[in-house]
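Biologist: Could you take me through one part of this model in detail? I would like a close look at a single strand and what surrounds that strand.

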Amino acid sequence: MTKKRLSHDAEKMRLQKFLSLAGVASRRHAEEMIRAGRVKISGRVVTEMGVLVHPTKSKVEVDNKAVIFQEERNYILFHKPAGCITSLDDPEGRTTVIDLLPKSLPRVYPVGRLDYDSEGLLLLTNDGELAYKLSHPGSNVPRVYHVKVRGELKDGSAVLERLKTGLELEDGFVKADRVAVLSFTGNNTWLEIELHIGRNRIVRRMMEEVNFPVMKLRRVSFGNLSLDGLPLGGFRDLSETELRETYKQLGETGPLPERRGKDGIRFARGFSPKDREHPRQSAHNMRHDEERPKRTFERGENSEFSSREERPRRRFTEDERPKRRFERKERSEFSTQEEAPRRINDGDERSRRTFERSDRRTSEFSSRDERPRRQNDGDERPRRTFERSDRRTSEFSSRD
């Protein structure tokens, strides 16, 4: 299988195919962009299909940005972590798979989807033709998932048979091509499920239908591509052999596109073992990690300093600080705390307050000092003791 290259004298092609080969979008999505009036050719908006462009000479713009056609294609195999969405951008500000990859990479977009809480194999490329064929329902590309559920399931159980027989979901009928039990950990069961279709959250919805909600989900293979040897958060370029096998399973036997890539495994931001002692296990809240200190400072106040550390701490004068504290504590007719006299309780006032408390006890004494201390004589104490012991039905008249 030879490599396919486009010369400068190449024939013209349809606009939607050009956008797909340029890595802007898949062919179907490119048609939607053309109908929406987002595409220009030589400064003129084009909304009709079938317009021909030259890959190296025509000036094409999408959303007022020039589209640069490159013959080389990128094919990246990524071990997606949980906590990021499979999209180029997110209106809600969540972390995307593109946010995790180095900015030096060419523009690529994901083939298919893995939901926010799932992890596993994800292919990213700017080869629109390949992306379209792999994600098309008629391609029948197998997808294998490892699924963790709560409780124990065994091979041949009624639940697994229902998954194989098929389920009726809100978007149509679906059944698993293969279901097998991998292991039982004592509380949870790991399953291996193979499907040839890709729908939104299809595995999770199937397991919810049989009352075994998914606790963890990982896609381990997609067609001939496997996750073996690729750690969480790692990515690598497809080899020429893998690319040839990928085209072969789709029935393509023509020349291969020009492949661009490097050897070896690289890591997404925050997942390299060299970056930290404990690499991340998910991508939650990673999108604005680097922007957070600066953005927080910008919200506080408009300042000439670039960061919070450079901003000098405010110092209060001797007169200013007591005044502010005093005004917060109580409302007073004095302007500062120094002008307010400190309350001093003399002996008469304290005695009078003591008398007021004792008056509640109906005391005849005017103060605590005048009230004599109660003294119990010898006769009184045994009698009281006897009264208590009498309640306990004691036969003795006193403690002695």
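Modeller: Happy to; what follows starts with the chain as a whole and then turns to strand 11 and its surroundings. Please keep in mind that this is a predicted model. The secondary structure of the chain comprises 11 helices and 20 strands, and buried residues account for 37% of its 400 residues. Of the contacts between residues at least 6 apart in sequence, 61% link residues at least 24 apart.

Now to strand 11, which covers residues 143-150. Of its 8 residues, 6 are buried, so strand 11 is largely enclosed by the rest of the structure. Which strands does strand 11 pair with? One is strand 15, in the antiparallel sense and over 8 bridges; another is strand 16, again antiparallel, over 7 bridges. You can find each pairing from a single residue: valine 144 has glutamate 194 of strand 15 as its bridge partner, while arginine 143 has phenylalanine 222 of strand 16.

These strands also take part in the largest nonpolar core, which has 25 residues. The residues touching the most other members of this core are Val147, Leu163, Ile193, Leu195, Val203, Met206 and Met207. At least two residues each come from strand 11, helix 5 (158-165), strand 12 (167-169), strand 15 (188-195), helix 6 (202-209) and strand 16 (214-222). Helix 6 is the greatest contributor, with 4 residues.

A good residue to click on here is isoleucine 193. Beyond its neighbours within four places in sequence, isoleucine 193 is in contact with Arg143, Val144, Tyr145 and Val147, and also with Ala176, Arg178, Val179, Val203 and Met207. Apart from this core lies another one, of 20 residues, including Val24, Val46, Val62 and Phe69.

A little earlier in the chain you will meet helix 4, residues 128-135. Aspartate 127 caps the N-terminal end of helix 4, with a side-chain oxygen 3.3 Å from the backbone nitrogen of glutamate 129. That glutamate is itself buried, as are Gly128, Leu130, Ala131 and Leu134.

For a view away from strand 11, try proline 231, in the loop between strand 17 (225-226) and strand 18 (234-237). Proline 231 is partly exposed, its relative accessible area being 33%. Its C-alpha atom is 6.7 Å from that of histidine 79, although 152 residues separate the two along the chain. Leaving out neighbours within four places in sequence, proline 231 is in contact with His79, Ile265 and Phe267.

Terms used
Residues numbered from 1 in each chain as written. Predicted model: local features only at pLDDT ≥ 70, side-chain atom pairs only at ≥ 80, totals over all residues. Heavy atoms only, no water. Core = buried A, V, L, I, M, F, W, Y, C linked by side-chain atoms within 4.5 Å. Buried < 20%, exposed > 50% of the residue type's maximum accessible area, 1.4 Å probe, protein only. Contact = heavy atoms within 4.5 Å. Polar contact = N/O pair within 3.5 Å; in protein donor to acceptor, adjacent residues only side chain to side chain. Pairing = 2+ DSSP bridges.
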